[in-house]
Amino acid sequence: MPRTVLTRLPSSQLKLLKTPTLSAYRNSHFVNFKQSPRPFSLPAYSTRRTYLTPAIRAHQSRKMAPQLDGYFSQVDALSSHFIDRLAKAVAIPSVSSDASRRPDVVRMAHFLADELKTLGATVELRPLGKQPDAPELELPPVILARYGSDKNKRTILVYGHYDVQPAEVSDGWSTEPFTLKVGEDGRMFGRGSTDDKGPVLGWLNAIEAHQKAGVEFPVNLLMCFEGMEEYGSEGLDELIEKEGKGYFADADAVCISDNYWLGTEKPCLTYGLRGVNYYSVEISGPGADLHSGVFGGTAQEPMTDLVRVLASLVDTDGKIQIPGIMEQVAPVTKEEEGLYDNISFTMETLHESLGAKTTIFEDKKSTLMARWRYPSLSVHGIEGAFSAPGAKTVIPAKVIGKFSIRTVPNMEIEQTNEHVYKYVKEVFAKLGSKNTLKVFAQHCGKWWVASPNHWNFRAAGKATERVWGVQPDFTREGGSIPVTLTFEQATGKNVLLLPMGSSTDGAHSINEKLDKKNYIEGIKLLGAYLHYVAEEPME
């Protein structure tokens, strides 16, 4: 476990404690735990974390209560209205990857814009031009909105997306995917409910609840909502880079709600994401597809070569076989290892998410570190091969294997690519095949890590405890949200991931859902976060 050193706060900070209720605690002050240096991921930030005595926590809650109690009550009173708003959004099949649904994606943008205007926000629908891989299509607009412009208040920039994954009843849905079905158990099924329409509407609901409760909105709120997140966020990076010192110039911090709790019982704040390098391995030989009854045994087959190459990349237990990959990974210290001990996570929850018990590891720590802290390699599919039901005796003339590596600190994109190319070419050469090999990266996204000790995270932690009654876990995630790094680089500000949904919501899967409790309490959390972030010292 980390080495512990108790320190006293400066006397200037003790002025906050001059209340009769806390007089007995003034000599103990805050208890600060200064840990020995953290791993690579947090070098630029202080490792000092502040833990408050129960009396001080109670004092903070009472201090915020006059505003938040009224706000919370109003959220509860408007819960049916907020669910109805979500139902209207889910009913719009804004599938960005389907060209025939593009009018629906645009319709969803206008729905959001109209709702924001009704609430008093200033709204712009920013065009992004033509879709690069389909020039006949216009990209959906990015919604840029501002609520409040008080120079005496902090400004928080929030991001979300209003497009969704494809969904059909024939895929295996138990309900109509674009009709929000609210069950008696509080589960609300519908495509986009948790990813990401529920969280996006959470910000709008927070504005409305403040208005109807008569509670002053504590910050200026900048909003950036896109409609192509599920199809590569085409055009968004350029807009963010352009507006980092423009529309977003006065942002003090950034908050994204587009991820999920680690489990189902305890909220979390996310401070790290793995990156992703996605590769194609193309092997070709004959000039056209062949009949195996005529040519089988007479020609070297691309599929055979490809399967052997793909099988060499990673073993059954997930160990990457490519030299030079693991050597880039920042070493794990004993102190960092200790950070995983108290995270609320069970293997049973993972088994539920998997729908099986086929885990590589049997314990929590090894599983979480493999998911967040170490790189992984996954084989995704083969293009050009026969995959339909039934039997077809074809020898494909060209096949393209797809695999990806999830990257972590300190892995560099180009260095990783070079190791992959070298290894794949060496494996193919050893086969002695006359076929032709090409290997290339389709796209790459860098890993991201922030400081959980930043004032933006501290405020979110206090808000989480205020709403849910527990201190959140500080987690990393195995997936990638590329826009996180884009916002950080363009604005120069801290980025926080503040999830609303839980691990069993099934985003991208059939029967996607958002629990009613997570939605309503999540709206309270977003509002509470804005109150705490408005007051948290910028230390």
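**Exercise 1. Work out how confident the predictor is in this chain, and find a stretch to treat separately.**

Start with the whole chain: this is a predicted model, and its mean pLDDT is 89, with 88% of residues reaching 70 or more. Then look at residues 1-51, where the pLDDT is below 50. That stretch still has 84 contacts in the model beyond near neighbours in sequence.

**Exercise 2. Lay out the open sheet that contains β14, and say which strands sit at its edges.**

Step one is the strand order: β16-β18-β14-β19, four strands with antiparallel pairing. Step two, look for strands that pair on one side only; these are β16 (376-383) and β19 (436-445). Step three is the twist, which averages 20° from one strand to the next.

Now zoom in on one pairing. Strand β14 (residues 275-284) is joined to β19 by 9 bridges, and the two run antiparallel. Within that ladder, Asn277 has Cys444 of β19 as its bridge partner.

Finally, add the helix. Residues 413-431 form α12, which lies across β14, β18 (398-407) and β19. Its direction makes an angle of about 160° with β19.

**Exercise 3. Place Lys398 in the fold and decide whether it is buried, partly exposed or exposed.**

First, locate it: Lys398 belongs to strand β18. Next, check the accessibility. Lys398 has a relative accessible area of 43%, so it counts as partly exposed, between the 20% and 50% cut-offs.

Then list who touches it. Leaving aside neighbours within four places in sequence, Lys398 contacts Glu282, Ile283, Ser284, Glu383 and Gly384. Take Glu383 from that list: it is 15 residues from Lys398 in sequence, and their C-alpha atoms are 8.6 Å apart.

**Exercise 4. Compare the settings of Cys268 and Cys444, and count the disulfides.**

Cys268 is buried, because its relative accessibility is 2% and the cut-off is under 20%. Cys444 comes out at 33%, so that residue is partly exposed. As for disulfides, searching the whole structure turns up 0. Just as a reminder, a disulfide is a covalent bond linking the sulfur atoms of two cysteines.

**Exercise 5. Describe how helices α5 and α15 pack.**

Begin with the geometry: α5 (residues 193-213) and α15 (residues 516-535) pack at about 65°, and their axes are 9 Å apart. The handedness comes next, and this crossing is right-handed. Last, pick out the residues making the contact. On the α5 side they include Gly198, Gly202, Trp203 and His210. Among those from α15 are Tyr519, Gly527, Tyr529 and His531.

Terms used. Residues are numbered from 1 along each chain as its sequence is written. This is a predicted model: local features need pLDDT of at least 70, side-chain atom pairs count only at pLDDT 80 or more; totals for chains, interfaces and linings use all residues. Side-chain values use heavy atoms; hydrogens and water are left out. Two strands pair if DSSP finds at least two bridges between them. Axes are lines fitted to C-alpha atoms, for helices over the stretch in contact, and angles run from 0 to 180 degrees between N-to-C directions. Contact means heavy atoms within 4.5 Å. A disulfide is a pair of cysteine sulfur atoms within 2.5 Å. Buried means under 20% relative accessible area, exposed over 50%, partly exposed in between (1.4 Å probe, protein chains only). pLDDT is the predictor's confidence in each residue, from 0 to 100. A crossing is left-handed if the near helix is turned anticlockwise from the far one by less than a right angle, and right-handed if clockwise.
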